[in-house]
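Good morning, colleagues. Please look at the sequence and the model as they appear on the screen; I shall then go through the domain interface, the ligand site and the salt bridges.

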Amino acid sequence: MRKRYLAVATAALLAGTTAVAAREYKVGLLLPYSGVYAALGKEIQAGFELGLEHYAAELGEDTIRLLPEDTEVKPAVGLTKAKKLVLQDKVDVLAGLVSSGVLAAVRDFVDGAKVPLVVANAGNIHATGKQCSRYIIRVSFSNAQITRPMGRYMAERGLKTVVAMAPDYAAGRQDVEAMRGAFEAAGGKVLKEIYTPFRKTKDFGPYLTEAQATGAEALFVFYAGGEAISFMKQYASFGLKDKLPLYAAGFLTSQLYRNAIGEAALGSINSLHYVTTLDNPENARFQQAFQQKYGRVASEFAVQGYDAARLIVAALAASKGDKEKFVDAARTTTFASPRGPWRIDPATNNIVQNIYVYQIVQGPDGRLVEKVLKVYENEQDPPNGCQLAG
Ligand code: BEZ
């Protein structure tokens with residue numbers, strides 16, 4: 001680093017200009033590396049590092065140092081780690097967050113510290129709604145953004161009754177609420193909402209029995225990570241595929257653990273902001289590079305990390321370490337993503353993007369892939385009490 005600075009200084013002296021030292025920006029990564037969402041955290045970091053490989057050169061001589069911290073899936077731990085990164089390590093930017101509960105816990109601290117936070121997963125609607133902050137920019141999704149289209153789709157498909165299941169925490173409740181709002185507005189009825197203890201439920205049997213007893217035509221669920229794998233295996237072993245067809249937020253059958261779920265995933269209908277098979281040049285480049293680097297197909301979590309890294313590079317290049325300028329740049333930056341077109345809504349700092357409804361089918365090579373059934377374009381949350389515009 002010192003060597004590089006001297007070379008730049010000498011060249012500048014010869015050219016009669018003043019040298020500017022190369023900067024090292026610190027990016028604090030708040031992710032779960034343990035607990036029920038550990039695989040998601042590692043996948044987001046994998047995508048983030050690939051994003052830096054592809055785009056960090058836009059910073060010229062300046063470089064980025066990653067400071068990863070394990071939030072587990074615990075709000076209090078997430079807040080402690082956020083404080084450490086900001087107050088002790090003096091990071092320029094925070095990024096990451098997987099759980100909606102952890103995002104809620106760090107919100108006030110981030111807002112008060114005026115440190116930019118680029119959210120790379122956690123979909124808590126309030127973080128870009130009634131508790132929005134100029135400093136919190138979300139490049140992943142909001143919970144409602146994913147499941148509102150699914151509510152509409154189920155009604156369009158002619159379903160009249162649905163029962164819902166989800167873990168009992170912010171994301172589970174918000175996913176069900178948005179699905180129910182859209183489904184019932186279109187004439188459907190959610191017969192029952194069943195919430196399972198988050199991070200604690202191993203046996204979904206009693207809840208599946210309760211769901212079946214409602215007599216609903218279909219089951220809507222949100223589960224992710226380790227809980228998604230357990231749920232799917234038990235749903236299939238209960239023989240419910242034909243009796244209670246499955247509709248879900250697509251984290252349920254994520255590419256990240258689809259092989260672990262196996263054939264149980266077949267036939268389920270999902271909604272998500274990314275499918276692995278999207279036919280665009282950015283996705284081709286991203287998937288090819290990810291598969292070469294990590295030896296597996298990249299999931300939506302990897303795309304979120306990849307886009308977060310690219311957004312951070314662009315905003316650092318534009319702001320040179322000034323946090324207010326970073327926020328201004330991050331709110332107005334866009335680029336072609338593997339997931340398709342997107343932009344940040346200046347009214348909420350939440351992403352606006354396409355939502356894909358797809359079925360898991362067996363591809364020609366035997367791989368379980370997504371067959372897109374419908375695209376809801378430019379899905380945008382209402383401000384929900386957020387007043388950032390202007
Ligand atoms: C959430 O808590 O917001 C969340 C966690 C995993 C996948 C999607 C959303």
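**Domain interface, ligand site and salt bridges**

Across the interface of domain 1 and domain 2, seven residue pairs are found in polar contact, both residues being at pLDDT 80 or more; a polar contact is a pair of N or O atoms within 3.5 Å, where within protein one must be able to donate a hydrogen and the other to accept it, and residues adjacent in sequence count only if both atoms are side-chain atoms. On the side of domain 1 that touches domain 2, α2 (38-55), α4 (100-113), α11 (300-319) and β12 (351-362) each supply at least two residues. Helices (H or I, at least four residues) and strands (E, at least two) are DSSP runs, numbered from the N terminus.

A word on the basis. This is a predicted model, in which local features need pLDDT of at least 70 and side-chain atom pairs count only at pLDDT 80 or more, while totals for chains, interfaces and linings use all residues. Residues are numbered from 1 along each chain as its sequence is written, and side-chain values use heavy atoms, with hydrogens and water left out.

The domain assignment, automatic or from a database, gives domain 1 as 19-141 + 278-353 and domain 2 as 144-272. Their centres, taken over C-alpha atoms, are 28 Å apart. In contact (heavy atoms within 4.5 Å) are 24 residues of domain 1 and 21 residues of domain 2. The buried area between the two domains is about 1700 Å², with 64% from carbon and sulfur atoms; this is the accessible area (1.4 Å probe) that two parts lose on being put together, summed over both.

How many salt bridges are there between domain 1 and domain 2? The count is zero, a salt bridge being a side-chain nitrogen of Lys or Arg within 4 Å of a carboxyl oxygen of Asp or Glu. The structure as a whole holds 22. One salt bridge joins Asp 92 and Arg 23, with the closest N and O atoms 3.3 Å apart. These two residues lie 69 residues apart and link distant parts of the chain.

Turning to the ligand, 15 residues surround it, and Val 98, Ser 99, Ser 100, Gly 123 and Tyr 169 come nearest; the criterion is a heavy atom within 4 Å. Polar side-chain atoms of Ser 100 and Tyr 169 lie 2.6 Å and 2.5 Å, respectively, from an oxygen atom of the ligand. Gly 123 instead places a backbone N or O atom 2.9 Å from a ligand oxygen atom.
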